[in-house]
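Grab a pencil and let's work through a few exercises together. Each one sets a task and then walks through a solution.

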Amino acid sequence: MQTETMHADVAVIGWGKAGKTIVAKLAAGGTRVVIVEQSDAMVGGTCINIGCVPTKTLLHDAGGRRADDDPQSFFDAAQQRRDSLIAKLNGVNRTMVEQHEQAVVVMGRARFSGERTIEVTAGDDLLTVTADRFVIGTGAVSRQADVPGLDPRSPRVLDSTTAQGVHPLPDHLAIVGAGPIGLEFATMFALFGSRVTLIDRGARLLPEHDEQLSAEVEQRLREQGVEVLHDTMVVEGSEEDDGVRLETDTGSAVTADAVLFAIGRTPATSGLGLEAAGVETDERGAIAVDDLLRTSVEGVWAVGDVNGGPQFTYVSYDDHRIVLPQLLGREPEHTRADRTAVPTTTFMHPPLGIVGLTADAAREAGHAVRVATKPVAKIAAMPRPKAVANTAGRITLVVDADTDLVLGAQLWTIDAQELVNLVALAMRGGVSASKLRDGIWTHPSTTEALNEVLAELD
């Protein structure tokens, strides 16, 4: 075994959005910084390798499949394009860090052996890294299914990572879990040509949102070939010659070529040796942090999915804005507590952008509420969905009747991932619903729906 030692001003564990940005900016300013990543396949972090970028690439391509396109050939071509894109992004991310003389890249598995020391193993080699300050950004991993009779290592038992590389394309795919991951993969595989059964433990999809939206989203999924089973839990499974059999608590069974468990992601803290450093975790296994993302140990911060916050790349990027100034001896301009109107998008076909409160939640919070809602197909002033042949969806905005400020929006339409950002900015900036209604927007665009929909305020 080869053993070496190294010291840095700052050591970053994990090549996620926050981690790599901190490393590049510190190194550019002359700080000696080490970044540790356990796998070449994860250079750049979850998003570009197994998360946002590859899944949205596959979903985009799936939406372009025609009825006479061979599903397997089309799926193979989409996977090849995804792999090519990821390889390019890997290279860009390596250059982002390695171009700086003060940045050192270490590949291997990191484990704390003390408050200011980690040991990095790579095969038979061991590197001891000491640093004045540490940033932990190891991300999250798919939650493993614990179903009697099923081996999670089986090629027929998938998670959100392995499902992207499944071969062959399942004729019938069962998906357990109807959260954002489940909805996105159900849409993707249905568009690729698989028959999909979505198993939902809840009484309806999107239970935190309006019932009308829930019903319309489910109808859209059914039109795309997705069977939805509500109030259903898988209690036992077995592998058979022709696939996987799932027994449910309703007494029924689902037999499919493969099963995807889309039951969430858990912070990747296992094996980090956090106890040796004195870094505390919460009941979910996430690293406990305050609003400045400081852990229980002075000089150690946790960023991204591992700290238990919203598991989004853009939140991880905002984490770096909070931590970087502290590493440079300055006060950050904001803290985690200052975040408001943080948007989300579930990438179905079309995507669903959400920000703020629903009408019911706003009323429960004590607001007098006005609601504007309209099906996308009936928004005359927004011809873009008709031009691209995707008029599914509904746009709903919730407005405070007293202040005319937007309290929330449910934007289920093409380009929702962009429109929701505009509405979120308006909410953070105190732009009134009337100003959005009277805005001058380009044509044809999705944004101009605000002219017509907000004129419908009840």
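Below are four exercises on helices, strands and single residues.

This is a predicted model, where local features need pLDDT of at least 70, side-chain atom pairs count only at pLDDT 80 or more, and totals for chains, interfaces and linings use all residues. Residues are numbered from 1 along each chain as its sequence is written, and side-chain values use heavy atoms, with hydrogens and water left out.

**Exercise 1. Two helices**

Task: work out how α3 and α5 cross, and which residues make the contact.

Solution:
- Step 1. Find the elements: helices (H or I, at least four residues) and strands (E, at least two) are DSSP runs, numbered from the N terminus. Here you want α3 at residues 52-62 and α5 at residues 180-192.
- Step 2. Get the geometry. The two axes come within 8 Å and cross at roughly 40°. Axes are lines fitted to C-alpha atoms, for helices over the stretch in contact, and angles run from 0 to 180 degrees between N-to-C directions.
- Step 3. Name the angle. It makes α3 oblique to α5, since angles under 35 degrees count as roughly parallel, over 145 as roughly antiparallel, 65 to 115 as roughly perpendicular and the rest as oblique.
- Step 4. List the contact (heavy atoms within 4.5 Å). From α3 come Thr55, Lys56, Leu58, Leu59 and Ala62, and from α5 come Glu184, Phe185, Thr187, Met188, Leu191 and Phe192.
- Step 5. Sort those residues: 7 are nonpolar, 2 polar and 2 charged. For this, Ala, Val, Leu, Ile, Met, Phe, Trp, Tyr, Cys and Pro count as nonpolar, Asp, Glu, Lys and Arg as charged, and the others, Gly among them, as polar.

**Exercise 2. A sheet**

Task: put the 5 strands of the open sheet in order, then follow their pairing.

Solution:
- Step 1. The order reads β8-β15-β9-β10-β11, with parallel pairing. Two strands pair if DSSP finds at least two bridges between them.
- Step 2. Check the edges. β8 (157-158) and β11 (226-229) each have a single partner strand, so one side of each has no neighbour in the sheet.
- Step 3. Add the helix. α5 packs on the sheet and touches β9, β10, β11 and β15 (258-261), and its direction makes about 165° with that of β10.
- Step 4. Count bridges. β8 and β15 are joined by 2 bridges, β9 and β15 by 4, and β9 (residues 172-176) and β10 (residues 195-199) by 5.
- Step 5. Match partners: Leu158 with Leu260 in β15, Val176 with Phe261 in β15, and His172 with Arg195 in β10.
- Step 6. Look at β15 side by side. Ala258 and Leu260 point one way, Val259 and Phe261 the other, and all are buried. Buried means under 20% relative accessible area, exposed over 50%, partly exposed in between (1.4 Å probe, protein chains only).

**Exercise 3. Buried or exposed?**

Task: classify Ser316 and Gln410.

Solution:
- Step 1. Ser316 sits in helix α8 (residues 313-327). Its relative accessibility is 9%, so Ser316 counts as buried.
- Step 2. Gln410 belongs to strand β22 (residues 406-412). With a relative accessible area of 4%, Gln410 is buried.
- Step 3. Leaving aside neighbours within four places in sequence, Ser316 touches Lys17, Ala18 and Gly304. On that same basis, the contacts of Gln410 include His209, Asp210 and Arg394.

**Exercise 4. One more residue**

Task: find what Gln72 is in contact with, beyond neighbours within four places in sequence.

Solution:
- Step 1. Locate Gln72 in helix α4 (residues 71-98).
- Step 2. The contacts of Gln72 are His167, Pro168 and Leu169.
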